[in-house]
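Student: I should like a close look at one helix and at the chain that carries it. Please set that helix in its wider context as well.

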Amino acid sequence: MNKEKQDHVLNYLNKNVRYDGRKKDEYRKITVETGIAATAEGSAKVTIGETVVLAGVKFEVGAPYPDQLDKGTMMVNAELLPMSNPRFESGPPNIESIELARVVDRGIRESNAIDYKKLCIKEGELVWTVIVDITPLNADGNLFDASALAVLLAIKDAKMPKLKDNKIDYKSKTDQKVPMLEEPISVTVLKIGNHYIVDPVSDEEDVLDARLTVALTKDNTICALQKGGEQPLSEKEIEEMVDLAVRKSKELRGYLR
Amino acid sequence: MDKTNLKINDKDVVVPGEILAEGMDYLPSQGTYRKDNHVIASMLGLARIEGKVIKIIPLSGNYLPKRGDVIVGKVADINFSGWSVETNSAYAAMLSMKDATSDYIRRGEDLTKYFNIGDYIVTKIYNVTSQNLIDLTMKGPGLRKLTTGRIMKVASPKVPRIIGKQGSMVSMIKKATNCNIIVGQNGVVWIKGLNPEDELITVETIKKIEDESHVSGLTGIIQKFLESKGRKAVLETVTEETTGEA
């Protein structure tokens with residue numbers, strides 16, 4: 001890590017200013033759009049400052065997993081394109097994109113956001129699979145929160161296609177939505193020095209000491225956590241970061257409409 | 001010259017394929033070409049008519065390394081003969097040991113004490129080979145390693161507007177914000193101020209120049225902008241506006 005850059009960012013934070021002039025607990029301007037891709041059953045675009053993330057939902061039918069014969073499944077995949085940030089390289093998924101996909105997946109899965117039982121078509125034989133793809137169009141920090149929000153909006157936006165002789169007819173959509181039980185919101189809190197910040201820009205992410213992604217349900221139950229960065233976190237620090245996440249999640253929940 | 005053959009006005013925004021002039025009265029230059037009897041635009045940008053020559057100043061685009069340019073580069077790697085440097089262009093740049101310092105460097109010495117990976121340097125392009133390999137040098141006034149400060153990137157076609165005529169724009173910002181600013185021709189800008197507030201105003205100002213670089217009377221707009229931020233902005237050199245290079 002570049003020590004000089006970290007000192008410079010810390011110098012800003014010590015004076016209570018972020019690297020782009022914001023407050024420490026302030027998000028950049030967020031805009032959301034749904035139903036933007038005609039070829040996907042559901043889609044959403046989330047813009048946080050300069051960061052733009054696209055999420056798309058497709059459906060498949062297939063055999064269920066042997067340990068949950070009466071449940072459908074979900075798959076989340078993320079691809080970090082070089083066009084979104086020159087730091088990313090094309091090729092097989094790297095550790096960053098796998099982490100992004102898994103953290104978003106865990107937030108949705110562990111909050112029981114989707115009613116998988118209702119995605120069962122014929123027990124033990126045929127179930128729906130919800131396939132979610134995350135594509136950042138521009139990556140200027142905070143891909144976790146942007147992706148989690150985009151994925152949730154895309155799943156909510158999705159209309160299931162028609163089933164004909166146990167095969168999907170992608171050309172005709174039904175009015176049926178994905179059965180939802182919960183709406184998890186992810187907030188990532190960064191620790192740089194002894195400061196906690198939300199919604200980091202790339203420059204701040206480059207110098208982080210630790211980060212904690214907190215996924216919260218409607219009643220503020222923590223349903224998933226992901227810790228990143230090289231520095232450890234104490235119990236007290238985690239509590240403070242979760243408190244901040246809970247406070248900011250209310251703001252983000254407003255974008256679900 | 002018969003003006004009727006001209007299909008556009010000076011400083012018009014033109015798109016690729018647009019006919020700029022008919023007949024043989026005008027000559028195509030940068031960003032334009034001749035097809036049959038027409039001069040046609042090949043890129044998006046501002047058309048400039050200079051006598052009989054029509055050229056286009058691009059609105060955006062990547063940096064193309066040119067001999068003699070002073071750039072801000074980032075050290076990407078250290079190898080046997082020196083440092084390789086990222087120049088914000090498509091081509092690789094090399095800073096060899098003999099061009100980096102006049103110190104005697106022993107065999108097997110730790111090169112990171114001169115420049116480490118991730119360091120930013122102000123450096124000059126002293127040669128661009130036919131294969132577009134870039135040779136850099138640190139020998140020259142003001143060429144050095146940059147310590148602390150922050151880096152921002154702008155589109156390289158906007159660099160002349162940020163510098164201004166004879167450096168008028170950048171020196172105005174420097175005076176108004178108390179910041180030290182180095183604008184590399186490759187669009188990498190280094191800013192160092194006494195406090196974050198000064199640096200943020202500088203970043204904001206440079207972003208504004210980048211956004212409004214095609215507007216005429218830009219120096220005046222920036223002067224007002226700086227004053228609206230409570231800064232004293234004085235323009236010292238000639239005030240006449242040009243859209244061309246500084």
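Tutor: Chain B holds 5 helices and 16 strands, where helices (H or I, at least four residues) and strands (E, at least two) are DSSP runs numbered from the N terminus. The model is a predicted one, in which local features need pLDDT of at least 70 and side-chain atom pairs count only at pLDDT 80 or more, while totals for chains, interfaces and linings use all residues. Residues are numbered from 1 along each chain as its sequence is written, and chains are lettered from A and ligands numbered from 1 in the order in which they are written.

The part to examine is helix α5 of chain B, residues 218-228. Its buried residues are T219(B), I222(B), Q223(B) and L226(B); a residue is buried if 20 or more other C-beta atoms lie within 10 Å of its own, exposed if 12 or fewer, and partly exposed in between, with C-beta atoms placed from the backbone. Seen down the axis of α5(B), these buried residues fall within an arc of 105 degrees, so they line one face of the helix. The arc is that of the directions from the helix axis to the C-beta atoms. The general rule behind such a pattern is that an α-helix has 3.6 residues a turn, so residues three or four places apart point the same way.

The buried residues of α5(B) pack against two other helices of chain B, α3 (168-177) and α4 (196-211). On the face turned away from the buried side, α5(B) carries the exposed residues K224(B) and S228(B). After the helix comes G230(B), whose phi is positive, near 80 degrees.

The wider setting is the division of chain B into domain 1 (3-58), domain 2 (70-146) and domain 3 (150-228), with bounds that come from an automatic or database domain assignment. The C-alpha centres of domain 2 and domain 3 of chain B lie 26 Å apart. Between these two domains of chain B, 9 residues of domain 2 are in contact with 9 residues of domain 3, contact being defined as C-beta atoms, placed from the backbone, that lie within 7 Å. On the domain 2 side of chain B, the elements that give two or more residues are β8 (70-79) and β11 (120-128), and β8(B) gives the most, with 3 residues. That side divides into 6 nonpolar, 3 polar and no charged residues; Ala, Val, Leu, Ile, Met, Phe, Trp, Tyr, Cys and Pro count as nonpolar, Asp, Glu, Lys and Arg as charged, and the others, Gly among them, as polar.

For chain B as a whole, the C-alpha atoms fill a box of roughly 70 × 50 × 25 Å, taken along the principal axes. Buried residues make up 34% of its 246 residues. Among contacts in chain B between residues at least 6 apart in sequence, 57% join residues at least 24 apart.

Chain B also meets chain A: 7 residues of chain B are in contact with 9 residues of chain A. The chain B side of this meeting divides into 2 nonpolar, 4 polar and 1 charged residues. Chain A itself comes to 5 helices and 12 strands, and 40% of its 257 residues count as buried. Its C-alpha atoms fill a box of roughly 65 × 35 × 35 Å along the principal axes.
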